[in-house]
Amino acid sequence: MAFTMPQNIESRPVTVIGGGTLGRKIALMMADRGGVVRVVDKIPEVREAAKAYVEENLPALAATIDGGAVGRIELSDDMAAAVKGAWLVVECIPEKLELKTAIFGELDQLADDDAILASNSSSYASEEMIGLVKRPERVCNVHFYQPPEMPAADLMSCGHTDPAILPFLKEELAKHGVYGFIAATKSTGFIFNRIWAAIKRECLAVVADGVSNAADIDQMWMLNFGMTWGPFELMDKVGLDVVRDIELHYLHERPGLPTNTIELLDGYIARGELGRKTGKGFYDYPAQ
């Protein structure tokens, strides 16, 4: 079935499903040209925290964008109402394939006929989420990293995506300060995340093997590459539970990978130490 590209997108909202760490960052980026972004989350505290984050950071970000302007954030716990009229819907829920499959089945029924449906999944290809979707030609991956500090994004077809969608998204996202790179074929981990996964896994293995510790590895990373952050600090920012889910997916696809990385993460998760969002992970965050 042919897909009609969305029209009049400047006057239409973008909807983000999930207001967590990445959901609110996506909302921030998509609101920097004066538009409306709707954030859907069932948890009131998460919704309010997402709005507070965007409103705190949006003025400074909009000032750096060509044509930038402060947009508006709308909150909802009603997905059906929030996707109505949206030209782009970005799923940003936990890395559980069964949840994503169910969400895309619902979105396919609820969203406008010309709405693009995108998954922000960091490890699952959208091809794996379309079992309940009747119009897969409008489904794709748009994987954001940690904008605005890391403004690249992976764009990947679900295997049925209309050929015009990915170039269209690449052009539109660039207007918001997000720079898309198209994966030419299906790839677990997409482009950069596939490379990053190997680095992250080896960092975890070095600690799990007792060779070194998170702080020393981060310090060496920063000294050698001139960075202001290290791999473990970034994992804390993403959330150690999310890191674990991603690693489990790679292990499922590649059974020969080491498992002591999961065991290391399990210890932190069992103690409720998930990173920045809980105030403690590989590092302490007493003010968070």
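## Strand S6, an enclosed strand

Let's start inside: 8 of the 8 residues of strand S6 (residues 139-146) are buried (under 20% relative accessible area with a 1.4 Å probe, protein chains only), so S6 is largely enclosed by the rest of the structure. Strands here are DSSP runs of E with at least two residues, and helices are runs of H or I with at least four, numbered from the N terminus.

This is a predicted model, where local features need pLDDT of at least 70, side-chain atom pairs count only at pLDDT 80 or more, and totals for chains, interfaces and linings use all residues. Residues are numbered from 1 along each chain as its sequence is written, and side-chain values use heavy atoms, leaving out hydrogens and water.

## Neighbours of S6

Two strands pair if DSSP finds at least two bridges between them. S6 pairs with strand S5 (residues 116-119) in the parallel sense over 3 bridges, and Ser119 has Asn141 of S6 as its bridge partner.

With strand S7 (residues 150-157), S6 pairs in the antiparallel sense over 6 bridges. Cys140 has Ser157 of S7 as its bridge partner, and 3 residues lie between S6 and S7 in the hairpin they form.

## Helix H4 and its cover

Helix H4 (residues 97-110) has 14 residues, and its end C-alpha atoms are 20 Å apart, which agrees with the expected 20 Å (1.5 Å times one less than the number of residues). Its buried residues include Lys100, Ile103, Phe104 and Leu107. What covers the buried residues of H4 includes strand S1 (14-17), helix H3 (79-83), strand S4 (88-91), S5 and S6, with contact meaning heavy atoms within 4.5 Å.

Note on methods
Buried means under 20% relative accessible area, exposed over 50%, partly exposed in between (1.4 Å probe, protein chains only).
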